[in-house]
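Colleague: Before I use this model, I would like to go through a few local features with you. Please give the reasoning, then the result.

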Amino acid sequence: EISACLVGSEMCIRDRRPFAAGPLLKKPVMLIAAGPGPSGGAHALEATSTLMTLLGCPIVATIGVAGAHEKINEEGLIVDEMLAEQLRAGLAGFTK
């Protein structure tokens with residue numbers, strides 16, 4: 001089972017009881033944050049990584065996508081080979 005969470009950089013993450021007992025508890029996760037600027041959503045990744053660790057979720061991969069608009073085309077396809085390789089490597093971590 002793979003669960004994906006998209007977290008905006010301005011979202012405030014809170015540790016609430018229903019969430020802490022929810023479907024992500026102790027599940028492996030790959031964190032991806034995208035942003036138009038050079039940080040690539042680094043603050044969102046840091047906050048989400050901290051929360052997932054507190055929930056006992058092993059983090060398989062953490063990927064920050066700086067300049068996302070240049071790496072993904074209008075059809076939603078990844079055109080940046082380095083990003084594609086990072087994602088493939090992250091997904092491979094779920095089969096270990």
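Colleague: Is E85 buried, partly exposed or exposed?

Modeller: This is a predicted model, so the class rests on computed accessibility. Partly exposed covers the range between under 20% and over 50%. The relative accessibility of E85 is 43%, so E85 is partly exposed.

Colleague: Which residue forms a salt bridge with E85?

Modeller: The partner lies in helix α4 along with E85, three residues apart, about one turn of the helix. The closest N and O atoms are 3.4 Å apart, and the cut-off for a salt bridge is within 4 Å. The partner of E85 is R88.

Colleague: Which residues does the network of salt bridges join?

Modeller: E85 forms a salt bridge with R88. R88 also forms one with E81, where the closest N and O atoms are 2.5 Å apart. Salt bridges that share partners make one network, and its members are E81, E85 and R88.

Colleague: How many salt bridges does a search of the whole structure find?

Modeller: One salt bridge pairs E81 with R88, and another pairs E85 with R88. As for exposure, E81 is exposed at 53%, while R88 is partly exposed at 43%. The search of the whole structure finds two.

Colleague: Turning to the strands, what handedness does the unit of β1, α2 and β2 have?

Modeller: Strands β1 (residues 29-35) and β2 (residues 59-66) run parallel and are joined by seven bridges. Within this pairing, A33 stands opposite G64 in β2. Together with helix α2 (residues 42-54), the two strands make a β-α-β unit that is right-handed.

Colleague: How many degrees of arc do the buried residues of α2 cover?

Modeller: The buried residues of α2 are A44, L45, T48, L51 and M52. They lie on the same side of α2 because the arc they cover around the axis is only 135°.

Colleague: Which exposed residues does the other face of α2 carry?

Modeller: The buried side holds residues including L45 and L51. The face in question is turned away from that side, and its exposed residues are H43, E46, T53 and L54.

Colleague: What separates the C-alpha atoms of F94 and V60?

Modeller: F94 lies in the segment after α4 (81-92). At 22% relative accessibility, F94 counts as partly exposed. F94 and V60 are 34 residues apart along the chain, and the separation of their C-alpha atoms is 7.0 Å.

Note on methods
Residues are numbered from 1 along each chain as its sequence is written. This is a predicted model: local features need pLDDT of at least 70, side-chain atom pairs count only at pLDDT 80 or more; totals for chains, interfaces and linings use all residues. Side-chain values use heavy atoms; hydrogens and water are left out. Helices (H or I, at least four residues) and strands (E, at least two) are DSSP runs, numbered from the N terminus. Buried means under 20% relative accessible area, exposed over 50%, partly exposed in between (1.4 Å probe, protein chains only). A salt bridge is a side-chain nitrogen of Lys or Arg within 4 Å of a carboxyl oxygen of Asp or Glu. Two strands pair if DSSP finds at least two bridges between them. A crossover is right-handed if, with the strands pointing away from the viewer, the path from the first strand over the helix to the second runs clockwise. The arc is that of the directions from the helix axis to the C-beta atoms.
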